[in-house]
Amino acid sequence: MTLDVAALRAEFPLLERALGGGPLVYLDHAATAPKPRRVLEAIRGYHERFTANVHRGVHPLGAEASAAYEAARHAAAAHVGASAGELVFTRGTTEALNLVAAGLLLGPDDEVLTTVAEHHANLLPWRARCRVVTLPSDEDGVPRWEALPAALSPRTRLVAIHHASNVLGTIAPVAEVVSAARRRDVPVLVDGAQAAGHLPVDVEALGCDFYAYSGHKLGAPSGVGVLVARAPWLERLEPWMWGGGMVARVGEAAGPRGVDAELKVGPHRFEAGTPNVEGALGLGAALGLLAEVGMADVAAHGARLAGLLLEGCGALPGVRILGASSGATRIPLVSLALPDVGLDAETLARTLADASGILVSAGRHCAHPLHDRAGVGATLRASAWATNTEDEVARLVSTLAALLA
């Protein structure tokens with residue numbers, strides 16, 4: 001099947017906006033994605049029809065809110081081939097990764113094996129607690145995955161990797177990494193923030209122990225994300241936050257944990273406090289749209305756009321696409337190291353927006369070690385999605401060519 005991009009674009013009000021004297025070209029999905037109407041309607045519907053806290057009240061509004069919230073949990077789990085009993089709602093991928101980092105009770109003698117291509121969210125939580133070991137990489141920072149078995153040591157407590165890099169766009173061989181780690185009894189965590197909106201994901205097939213992704217990069221609101229933690233990790237992780245909603249009983253005296261409390265089973269033990277109900281409902285609505293479109297078609301369209309971005313930007317004089325020389329498969333994302341022609345990445349990004357209505361990112365994209373490894377101060381990043389057309393990619397390339405000339 002072929003993705004009906006025109007029909008999908010009609011679902012997104014933001015894409016109707018004009019900018020820079022022409023139609024908006026939104027190529028900044030790695031930062032955040034526009035929201036479809038059904039997401040906005042889901043949030044408005046919650047506030048207009050059944051505003052209530054979840055898992056608290058017994059009145060009809062509370063029951064409706066709780067049912068809708070748990071339906072969103074089922075949708076978020078199904079999106080990555082998990083069960084609802086394995087899925088913890090978080091504020092995003094960053095919180096999900098920090099939840100695991102805190103819950104493992106890592107010490108200074110423990111090691112976490114990761115890569116130079118990680119977002120800060122999949123690097124700093126480990127650096128704050130233990131020794132971080134980084135896989136070798138090529139000159140652009142693309143990990144040399146074949147070196148992973150030799151990098152594992154008796155002190156390795158976790159392998160923490162991206163599914164798709166937010167700078168390189170390259171897709172990691174997650175199943176192969178898991179297989180190598182499994183032979184040494186080492187669990188694997190996958191940062192799926194950039195992959196969950198682009199690729200069909202099946203955590204069962206991947207075999208990973210943890211998988212995290214954010215809602216706002218696939219059309220849901222900001223402030224909601226998920227952590228999938230496979231059994232028995234939900235029972236083994238130590239809660240990192242305490243409060244209402246995550247306990248079945250609280251007594252008067254302190255217990256072995258310092259609190260006299262019986263934790264709830266499953267994901268609820270990690271969901272203390274009032275959750276982001278509207279965010280979860282928006283996430284469920286966004287994933288419902290993607291389920292209708294079909295992630296296989298989204299991935300196929302993304303592969304076509306990725307090829308066009310590589311071909312077009314690769315022909316720009318003096319421009320280097322980070323990770324392109326590796327030949328690795330990628331999501332439709334390119335980060336460009338620009339020639340020294342007097343225009344820095346930030347200035348060029350603003351010029352693209354103001355003069356042509358083309359939105360891209362510029363900077364180090366929360367991946368400073370990767371840019372240091374590549375010897376680049378900042379890059380210009382264009383990131384497409386299912387709502388982008390081939391003509392929009394061509395418009396980006398031709399506009400860049402004119403500016404660079």
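Asn-122 is buried, with a relative accessible area of 0%; here buried means under 20% relative accessible area, exposed means over 50%, and partly exposed lies in between (1.4 Å probe, protein chains only). This is a predicted model, in which local features need pLDDT of at least 70 and side-chain atom pairs count only at pLDDT 80 or more, while totals for chains, interfaces and linings use all residues. Residues are numbered from 1 along each chain as its sequence is written, and side-chain values use heavy atoms, with hydrogens and water left out.

Asn-122 lies in the loop between strand E5 (111-114) and helix H5 (124-127). Helices (H or I, at least four residues) and strands (E, at least two) are DSSP runs, numbered from the N terminus. Leaving out residues up to four places away in sequence, Asn-122 touches Leu-97, Thr-114, Ala-160, Ile-161, His-162, Leu-189 and Asp-191, where contact means heavy atoms within 4.5 Å. Thr-114 is also touched by Thr-134, a residue of strand E6 (residues 131-134). The other contacts of Thr-134, again not counting residues up to four places away in sequence, are Leu-113, Thr-115 and Val-116. Thr-134 counts as partly exposed because its relative accessible area is 39%.

Two of the residues that Asn-122 touches, Leu-189 and Asp-191, lead to strand E8 (residues 188-191). In a regular strand the side chains alternate between the two faces of the sheet. In E8, Val-188 and Val-190 point one way, Leu-189 and Asp-191 point the other way, and all are buried. Strand E7 (residues 156-162) runs parallel to E8 and is joined to it by 4 bridges; two strands pair if DSSP finds at least two bridges between them. In this pairing, His-162 stands opposite Asp-191. The chain travels from E7 to E8 through helix H7 (residues 174-182), and this β-α-β crossover is right-handed. Right-handed means that, with the strands pointing away from the viewer, the path from the first strand over the helix to the second runs clockwise. E8 is also joined by 3 bridges to strand E9 (residues 210-214), again in parallel, and Phe-210 in E9 is the bridge partner of Leu-189.

Attention now turns to the interior. The largest nonpolar core has 72 residues, and those with the most contacts inside it are Phe-89, Val-159, Tyr-211, Tyr-213, Leu-218 and Leu-283. A nonpolar core is a set of buried Ala, Val, Leu, Ile, Met, Phe, Trp, Tyr and Cys residues joined through side-chain atoms within 4.5 Å. Helix H10 (residues 277-293) supplies the largest share of this core, 10 residues. Beyond four places in sequence, the residues touched by Phe-89 include Tyr-69, Arg-73, Val-226, Ala-280 and Leu-283. Arg-73 is also in contact with Pro-267, which is found in the loop between strand E12 (261-263) and H10. Pro-267 counts as buried because its relative accessible area is 4%.

Helix H11 (residues 295-314) has 20 residues and reaches 27 Å from its first C-alpha to its last, close to the 28 Å expected at 1.5 Å a residue; the expected span is 1.5 Å times one less than the number of residues. Among the buried residues of H11 are Val-298, His-301, Leu-305 and Leu-309. The buried residues of H11 pack against several elements, including H10, strand E14 (333-337), strand E17 (379-383) and helix H14 (390-404).

E14 and E17 also belong to an open sheet of 4 strands, in the order E13-E14-E17-E16, with antiparallel pairing. Its edge strands are E13 and strand E16 (361-363), each of which pairs on one side only. E16 and E17 pair over 3 bridges, and Ser-361 stands opposite Arg-381 in E17.

Finally, the aromatic rings deserve a look. Rings of Phe, Tyr and Trp (its six-membered ring) pair if their centres lie within 6.5 Å; planes under 30 degrees apart count as stacked, over 60 as edge-to-face and the rest as tilted. The count comes to 4 aromatic pairs. Phe-12 and Trp-385 form an edge-to-face pair, 6.0 Å centre to centre and with 85° between the planes. This pair links distant parts of the chain, 373 residues apart: Phe-12 sits in the loop between H1 and strand E1 (18-19), and Trp-385 in the loop between E17 and H14. Phe-12 counts as buried because its relative accessibility is 2%, and Trp-385 because its relative accessibility is 3%.
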